[in-house]
Amino acid sequence: MKLKQDFFEQLTGYYQQVMPTPLPSPHWLLWSDDAAALIGESQPNDELLQVFSGNQRLPQAQYYAQVYSGHQFGGYSPQLGDGRSIILGEALGPQGSWDVALKGAGPTPYSRHGDGRAVTRSAVREFLISEALAALHIPTTRALAVIGSELPVWRETLEKGAITVRLARSHIRFGHFEYFYYGNEQREEKVRRLADFVIQQHFPQFSCDSAGYKAWFTEVVSATARMIAQWQAYGFAHGVMNTDNMSILGDSFDFGPFAFLDTYQEDFICNHSDPEGRYAFGQQPGIGLWNLQCLAQALTPIIASDDLLAALRQYQPALVQHYLQLMGARLGFPVSSNQSETEQQQDLQLIGEFTQLLEQQKLDYTNTLRQFGAITPDGDNARLRDEFVDTHAFDGWWQHFAKRVGKTDDVAAWQQSRRMANPKYILRNYQAQQATEQALNGDLSGLQTLHQLLKNPFDEQPELAHYAARPPQWGEGLIMSCSS
Ligand SMILES: Nc1ncnc2c1ncn2[C@@H]1O[C@H](COP(=O)(O)OP(=O)(O)OP(=O)(O)O)[C@@H](O)[C@H]1O
Ligand SMILES: [Mg+2]
């Protein structure tokens with residue numbers, strides 16, 4: 001693994017050096033060939049196991065934990081930082097570099113009262129969802145591997161410690177900017193240095209001056225809008241959209257109590273610690289904007305307020321346009337990028353009526369949409385219609401839908417496009433839970449199958465079809481606590 005250390009070398013004062021606390025008796029639980037290829041690695045080997053479990057130091061690498069703060073559940077937390085994630089540097093891959101971080105590698109100067117560890121259950125979930133989102137083409141950090149151990153870690157019960165090896169194009173969060181903005185000391189210079197670093201590393205098309213800063217922030221707004229449009233289109237609830245979990249590049253980041261919707265439900269809450277539903281599924285678009293407003297505030301030392309506001313105003317149109325394109329692809333009608341506002345409203349209504357039907361009739365979001373690959377838009381719709389209990393309501397919607405799609409000349413191609421846009425498989429919480437329990441009892445086959453399944457979510461994989469079934473009652477809408 002070839003590393004560079006740009007963050008470490010250029011941003012002294014934005015991190016503290018720290019070494020991992022070795023994980024005893026480490027072993028591989030999961031490994032991603034696809035993620036490995038991103039940094040020019042191929043196979044897991046013993047040397048990497050020793051390095052990633054903190055038992056051996058990577059020569060010439062300076063290890064560090066970054067400092068940041070953030071708004072958590074609406075309130076400002078002035079001092080956060082990597083409390084359980086240690087970064088080794090930026091690994092050079094064939095198409096760019098990736099931060100390599102060990103999540104769960106022991107205490108750091110930012111651990112506060114935490115133990116710096118992650119439990120197997122949560123490390124595995126982070127791995128699987130990273131692979132699943134990537135396969136759905138949703139921008140995300142990646143997971144290279146999960147390393148298991150016998151280390152006892154106390155949460156609500158006694159669990160076993162593990163490390164997720166995370167690859168991120170950047171670990172810089174909205175909260176990094178907030179930390180230096182609210183920190184008062186040399187506020188402008190500190191925020192500017194960080195912005196310059198982000199621009200030079202990730203947005204080389206922009207200059208480090210006021211025009212460049214404005215263009216850069218506008219791009220952060222649209223990248224965030226696009227990411228959230230993807231979450232909404234695929235039914236992904238993140239669960240902890242604090243500003244310290246928002247990546248400056250618009251990659252999905254920090255996977256705790258997340259869940260994909262089983263039954264379609266706007267007010268679905270996946271986080272046990274969020275009884276009021278601040279981060280409920282249907283709130284995500286609004287929270288994305290709220291978080292960008294926090295970031296904008298932190299950028300006031302270097303970007304004029306009018307420019308920040310102008311960029312923020314692009315959030316909603318960008319999100320709506322991207323959402324419509326994704327949903328158009330899922331349902332089967334083309335959405336051009338220069339639709340009039342009326343056309344957009346009509347499409348939003350058509351989609352909204354459909355999701356409302358799903359919600360009223362308690363239908364599985366993923367499975368119902370998958371049926372679009374088996375119907376004829378101007379003919380036989382039985383496979384889809386049969387999912388609905390109130391077929392009368394469905395028939396009313398279908399008329400509008402069929403009109404919107406119009407005549408389809410090549411039905412087979414239309415169906416194939418639907419199957420490429422509507423996954424058969426998503427990560428269902430109860431399946432991750434079952435496979436993890438099995439792995440903790442020494443049998444990794446369940447995890448490996450789930451991994452295989454999620455890497456190819458659009459393929460039929462008939463031998464694994466039972467994974468696409470609606471969850472059993474105990475597993476429906478299973479929600480997680482924050483203790484990870
Ligand atoms: N077990 C722990 N020990 C020490 N610090 C922790 C622990 N769990 C969470 N934290 C810290 O609490 C804050 C909020 O945690 P959060 O769950 O958002 O992040 P995380 O999952 O630990 O990490 P990341 O955001 O890097 O994916 C962060 O500063 C995080 O480092
Ligand atoms: Mg976090």
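Two strands count as paired here if DSSP finds at least two bridges between them. Keep that in mind for the first view, and remember throughout that this is a predicted model.

**View 1. Strand 10 has partners in strand 3 and strand 11**. Strand 3 (residues 27-31) and strand 10 (residues 142-154) run antiparallel, with four bridges joining them. To find your way along this pairing, look for Trp31, whose bridge partner in strand 10 is Ala145. Strand 10 also pairs with strand 11 (residues 158-168), again in the antiparallel sense, over nine bridges. Here Gly148 sits opposite Ala162 of strand 11. Strands 10 and 11 make up a hairpin, and three residues lie between them.

**View 2. Ligand 1 lies between two domains**. The shell around ligand 1 takes residues from both domain 1 (3-168) and domain 2 (188-484), so the ligand ends up between them. There are 17 residues around ligand 1, and the ones that come nearest are Leu80, Gly83, Ser111, Gly114 and Asp254. What sort of residues make up the shell around ligand 1, by the split into nonpolar, polar and charged? Three are nonpolar, eight are polar and six are charged.

**View 3. The largest nonpolar core is built from both domains as well**. This core holds 133 residues, and Ile163 and Leu299 are the members that touch the most others. Helix 7 (residues 210-234) is the top contributor, with twelve residues. Domain 1 (3-168) and domain 2 (188-484) each give residues to the core, which is why it lies between them. In soluble globular proteins, nonpolar side chains tend to be buried together. Now zoom in on Leu299: leaving aside neighbours within four places in sequence, Leu299 is in contact with Phe177, Val191, Phe217 and Leu308.

**View 4. Pro377 sits in a loop**, **yet counts as buried**. The loop in question runs between helix 12 (365-370) and helix 13 (382-385). Is Pro377 buried or exposed? Pro377 has 22 C-beta neighbours inside 10 Å, and a residue is buried if 20 or more other C-beta atoms lie within that radius, so Pro377 makes the cut as buried. Which residues is Pro377 in contact with, once neighbours within four places in sequence are set aside? They are Gly332, Ala402, Val405, Thr408 and Trp414. For a sense of scale, pick out Leu249 too: Pro377 and Leu249 are 128 residues apart along the chain, and their C-alpha atoms are separated by 38 Å.

Notes
Residues are numbered from 1 along each chain as its sequence is written. Chains are lettered from A and ligands numbered from 1 in the order in which they are written. This is a predicted model: local features need pLDDT of at least 70, side-chain atom pairs count only at pLDDT 80 or more; totals for chains, interfaces and linings use all residues. Helices (H or I, at least four residues) and strands (E, at least two) are DSSP runs, numbered from the N terminus. A residue is near a molecule or strand if its C-beta atom, placed from the backbone, lies within 6 Å of it. Ala, Val, Leu, Ile, Met, Phe, Trp, Tyr, Cys and Pro count as nonpolar, Asp, Glu, Lys and Arg as charged, and the others, Gly among them, as polar. Domain bounds come from an automatic or database domain assignment. A nonpolar core is a set of buried Ala, Val, Leu, Ile, Met, Phe, Trp, Tyr and Cys residues joined through C-beta atoms within 7 Å. A residue is buried if 20 or more other C-beta atoms lie within 10 Å of its own, exposed if 12 or fewer, and partly exposed in between; C-beta atoms are placed from the backbone. Two residues are in contact if their C-beta atoms, placed from the backbone, lie within 7 Å.
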